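Reader: I am new to this structure and would like to know what lies behind the words used for it. Please show it, then explain the terms one by one.

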Amino acid sequence: MMEICLGDYILNEESEPYFIAEIGINHNGDLQIAKKLVDGAYAAGWNAVKFQKREPDIAVPEHQKGVMRDTPWGRMTYLEYKKRVEFGKTEYDYIDHYCREKPLDWSASPWDMPSLEFLLTYDIPFIKIASASITQDGLLKAVAKSGKPVIMSTGMSTWEELDHAVNILEQHCQNGYVLMHTNSTYPAPENELNLSMIQTLKDRYHCIVGYSGHERALEPTVVALVLGAQVIERHITLDHEMWGTDQAASLTLHAMDMLRRRAKGLRAMIGNGERMLSESELNVRKKLRG
């Protein structure tokens, strides 16, 4: 049986799915917003919250750095904006303490090597590789060698790129990895989700597979669970009208609670596919067949 430990959570084909609430940069650089999102994830019964960590001078592409952008803090370059919303040690120290008090797992996606080194100063249960970073061999190798389980999104990647990235994980990852089927459009059109890829990834790589959804609705994520996704990641927001490119593809706190409730018990409903007569059915059989 395929099995991986995400902190204290043992994830396998018989366990309930592991739910990750992707805060990302939807906090807009405000720790109070981040706290409210952490509170919402905990109240809804999700397993973890996740952020994104960057050194903007390294992670922002050169052709984007000088692009001007209108923001709630005035007109500034894209690089200045990314620095404006980035959390540093003070904020992450607080997040680490705040999540441990609940308790609630937390992690982040490092977009560069200094960010990975920064995250590894905390006792986090896994490292997440974003779809955008899947072709960064140096970063991927360092994450795989970190000693942490790896969760890797597979959006906007060819089979050649995925085979290469998975080969790196196979060579260097000691504590297992999870692949996340992903459509990297924000928000993702439902007719392009291709949820059958969940089984395709399982068949090709023989690993635990999850789903990172960027659609607006809840139903595709429920379908992903029925199709075998064992880790679910969805972006979350306090309000779709908040400023930021990811807010529209995120779940409000109410929707998070709705999704968690819909997912509850699905694994038991699906069963194992083996023909068996339950105790309740045996009672009916005795009554109707004698």
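Author: A residue is called buried under 20% relative accessible area, exposed over 50% and partly exposed in between, with a 1.4 Å probe and protein chains only. This is a predicted model, in which local features need pLDDT of at least 70 and side-chain atom pairs count only at pLDDT 80 or more, while totals for chains, interfaces and linings use all residues. Residues are numbered from 1 along each chain as its sequence is written, and side-chain values use heavy atoms, with hydrogens and water left out.

Reader: Why is Ile270 called partly exposed?

Author: Ile270 has a relative accessible area of 40%. Partly exposed covers values between the 20% and 50% limits, so Ile270 is placed in that class. Ile270 is in helix H12, residues 266-270; a helix here is a DSSP run of H or I with at least four residues, a strand a run of E with at least two, numbered from the N terminus.

Reader: What makes His27 buried rather than exposed?

Author: The relative accessible area of His27 is 2%, and buried means under 20%, so His27 is buried. His27 sits in the loop between strand S3 (18-24) and helix H1 (31-43). Leaving out residues up to four places away in sequence, His27 touches Ile33, Ala34, Phe51, Val85 and Phe87, where contact means heavy atoms within 4.5 Å.

Reader: Why does Asn28 count as buried?

Author: Asn28 has a relative accessible area of 10%, which is under the 20% limit, so Asn28 is buried. Asn28 also belongs to the loop between S3 and H1. Among the residues that Asn28 touches, not counting those up to four places away in sequence, are Trp73, Arg84 and Trp243.

Reader: How do you know that Cys173 and Cys207 are not bonded to each other?

Author: A disulfide is a covalent bond between the sulfur atoms of two cysteines. The cut-off used here is a pair of cysteine sulfur atoms within 2.5 Å. The cysteine sulfur closest to that of Cys173 is in Cys207, at 11 Å, so the two are too far apart for a bond. A search of the whole structure finds 0 disulfides. Both cysteines are buried: Cys173 has 14% relative accessibility and Cys207 has 5%.
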